[in-house]
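Me: Please take a close look at one part of this structure, the largest nonpolar core. Which residues touch the most other members, and which elements contribute to it?

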Amino acid sequence: HHQAPANTAAITVNSPEQMGELGRRLAKILRPGDLVMLTGELGAGKTTLTRGLGEGLGVRGAVTSPTFVIARVHPPLGAGPALVHVDAYRLGGGLDEMEDLDLDVSLPDSVIVVEWGDGKVEELSDDRLHVVIDRAVGDTADEVREVTLRGLGARWTEADLAALSA
Ligand code: ADP
Ligand code: MG
């Protein structure tokens, strides 16, 4: 038995509904300017998690797979932050290109969720929440996911991660 680093959490998610619930829980602790990076193969559940997150934040528009656009802005319905949902798959060089997208939104006032962003969007912030979603080994029904959350930077405390595992 080894002690996990304080700023990580491992969560087993048993259904798409539970993945949405995890997203809603995550939304409660997110703040404007937060960067969340989602890693996982196609069909892992990155967009499903983001949909729950959008519900939790209370934003306009359906959160869908942004495959045919690089980024979609979901304005807040109330006083909270906008959700900027990025599919970085076809984002070649990273940030310059993202700035070129000319999103009609202030990124420091938004929550930014990036799928396929590894190696591309880290420059956006030293404070990041990395979420890795893996299919569970031997789950023939393909319904179980192992979610590993890792907070980088002073923004993400042990208490934040504990709140997500609860
Ligand atoms: P990604 O964005 O990672 O490609 P999606 O969220 O678009 O993945 O799709 C995930 C698919 O897997 C959906 O069809 C969803 O219903 C299904 N699924 C099954 N079990 C789960 C689970 N535990 N969490 C998330 N999605 C799941
Ligand atoms: Mg997706």
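Reply: The largest nonpolar core of this predicted model has 35 residues. Leu38, Leu83, Val113, Val114 and Val131 touch the most other members. Eight stretches give two or more residues each. The strands on that list are strand 1 (8-13), strand 2 (35-39), strand 4 (82-87), strand 5 (110-115), strand 6 (128-135) and strand 7 (145-152). The helices are helix 1 (16-29) and helix 2 (46-57). In soluble globular proteins, nonpolar side chains tend to be buried together.

Take Val113. Set aside its neighbours within four places in sequence, and Val113 is in contact with Val36, Leu38, Thr50, Leu53, Leu83, His85 and Val86. Two of these partners, Leu38 and Leu83, are themselves among the core residues that touch the most other members.

Now follow Leu38. Its bridge partner in strand 6 is Val131. Strand 2 and strand 6 run parallel, and four bridges join them.

Next, the sheet. Seven strands form an open sheet with mixed pairing. Their order is 1-7-6-2-5-4-3. Strand 1 and strand 3 (71-74) are the edge strands, and each pairs on one side only. On average, neighbouring strands are turned by 15 degrees against each other, direction ignored.

Finally, the helices over one end of that order. Helix 1 lies across strand 1 and strand 7. Helix 1 runs at about 150 degrees to strand 1. Helix 4 (residues 158-165) also lies across strand 1 and strand 7, but runs at about 10 degrees to strand 1.

How values were computed
Residues numbered from 1 in each chain as written. Chains lettered and ligands numbered in written order. Predicted model: local features only at pLDDT ≥ 70, side-chain atom pairs only at ≥ 80, totals over all residues. Core = buried A, V, L, I, M, F, W, Y, C linked by C-beta atoms within 7 Å. Buried ≥ 20, exposed ≤ 12 C-beta atoms within 10 Å, placed from the backbone. Contact = placed C-beta atoms within 7 Å. Pairing = 2+ DSSP bridges. Axes fitted to C-alpha atoms, helices over the stretch in contact; angles between N-to-C directions.
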